[in-house]
Amino acid sequence: MSSPADPSGGSGSYRNEGIRSLLAMFEHGDPQEHLPLGKILQDLQQSAFGVFLFIAILPAFIPIPGIGGAVSGPLVLLIGLQLLGGLSRPWLPGFIRRHGPRRATMHRFLGKIARPLRRLDQMLKPRLALVIQPLPARMFSGLLLILTGLLLSLPIPFTNYLFGFQLLLFALALIERDGALMLFNWVSAIAAALFFGLGSGQLVTGVLDLLQRWNAG
């Protein structure tokens, strides 16, 4: 398996940073090894935001109420804000750069979804670049990630897995640079925001609460 890093940025580097390398990245080594996010992302080029998002959503799949929103939500917001701000690579604060999952945690999670991931690897491919590469497209994806991250942070019952799966598809679209999947993500994220957020009023209430906390701080 080739190294995920390829600074050339050509089509070969794309495949080297796809799902196969994501699976291989955490496959071998000490299960108890701590994998700092800064180290994981440092050599990635095209897929850095996608891999960051993939790791950020892991807590959303922990079957303990409140954990997913409290941990994954702010990380998704950070990613969304950076895409909305036009960054080409993730910026990590020091305390986030130094933290990350254990190899065993990643291995267990990937083991549960390895079969569908390998099937997706045969289906996903670089296409519809206009939905992935241009700055306006990345900014729009960032805006939708912010909305989905806010929804994940809110105490909406039984939605952690739903929003976690939705964000997983966002991550795979960014990793594989698949514009068709990203278009699907755009539609589903807008639908989720309308249904769970604006429809119930919880998104508006949650945003107002966050603004009040920031003003109070």
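Which residues is R102 in contact with, leaving aside its neighbours within four places in sequence? In this predicted model, the partners are P31, Q32, E33, H34 and L35. R102 sits in the loop between α6 and α7. Its C-alpha atom is 5.8 Å from that of Q32, and the two residues are 70 apart along the chain. R102 is not fully covered: its relative accessibility is 42%, so it counts as partly exposed.

## Overall fold

The protein chain has 11 helices and zero strands. Read along the sequence, the pattern is therefore α repeated without a break: α-α-α-α-α-α-α-α-α-α-α. The chain has 217 residues, and 47% of them count as buried. Contacts reach far along the sequence. Taking those between residues at least 6 apart, 75% join residues at least 24 apart. The exposed area of the chain is about 11,100 Å². Carbon and sulfur atoms supply 65% of that area.

## The nonpolar core

The largest nonpolar core holds 58 residues. Within this core, L53 and F54 have the most contacts. Eight elements are named as giving two or more residues to the core: α2 (19-25), α3 (37-41), α4 (48-56), α5 (67-84), α7 (103-123), α8 (135-153), α9 (160-176) and α10 (179-198). The largest share, 10 residues, comes from α9.

What does F54 touch, not counting residues up to four places away in sequence? The list is L22, M106, F109, L110, I113, L117, L168, A171 and I175. By the residue ranges of the helices, L22 falls in α2. M106, F109, L110, I113 and L117 fall in α7. L168, A171 and I175 fall in α9. F54 itself belongs to the range of α4.

## The largest pocket

The largest pocket has a volume of about 610 Å³. Its lining is made up of 21 residues. Those nearest the pocket centre are I55, L58, P59, I62 and T105. The elements giving two or more residues to the lining are α4, α5, α6 (94-97) and α7. Of these, α7 provides the largest share, four residues. By class, the lining has 16 nonpolar, three polar and two charged residues.

The helices α4, α5 and α7 thus appear in both lists: each gives two or more residues to the core, and each gives two or more to the pocket lining.

## Two positive phi values

Most residues other than glycine have a negative phi. Two loop residues are set out here against that background.

| Residue | Phi | Loop | Relative accessible area |
|---|---|---|---|
| L128 | near 50 degrees | between α7 and α8 | 47% |
| R177 | about 55 degrees | between α9 and α10 | 18% |

Is L128 buried or exposed, or partly exposed? L128 is partly exposed, because its relative accessible area of 47% lies between the two cut-offs, 20% and 50%. R177 has a positive phi although it is not a glycine. This arginine counts as buried, because its relative accessibility of 18% is under the 20% cut-off.

Definitions and conventions. Residues are numbered from 1 along each chain as its sequence is written. This is a predicted model: local features need pLDDT of at least 70, side-chain atom pairs count only at pLDDT 80 or more; totals for chains, interfaces and linings use all residues. Side-chain values use heavy atoms; hydrogens and water are left out. A nonpolar core is a set of buried Ala, Val, Leu, Ile, Met, Phe, Trp, Tyr and Cys residues joined through side-chain atoms within 4.5 Å. Buried means under 20% relative accessible area, exposed over 50%, partly exposed in between (1.4 Å probe, protein chains only). Contact means heavy atoms within 4.5 Å. On a 1 Å grid over the protein atoms alone, a cavity is a set of points where a 1.4 Å probe fits but cannot get out, and a pocket is an open set with protein on both sides within 12 Å along at least five of seven lines; lining residues have an atom within 4 Å of a point. Grid points are joined across faces, edges and corners, and a volume is the space filled by probe spheres set on the points. Ala, Val, Leu, Ile, Met, Phe, Trp, Tyr, Cys and Pro count as nonpolar, Asp, Glu, Lys and Arg as charged, and the others, Gly among them, as polar. Accessible areas come from the Shrake-Rupley method with a 1.4 Å probe; for residues, only the protein chains shown count as cover.
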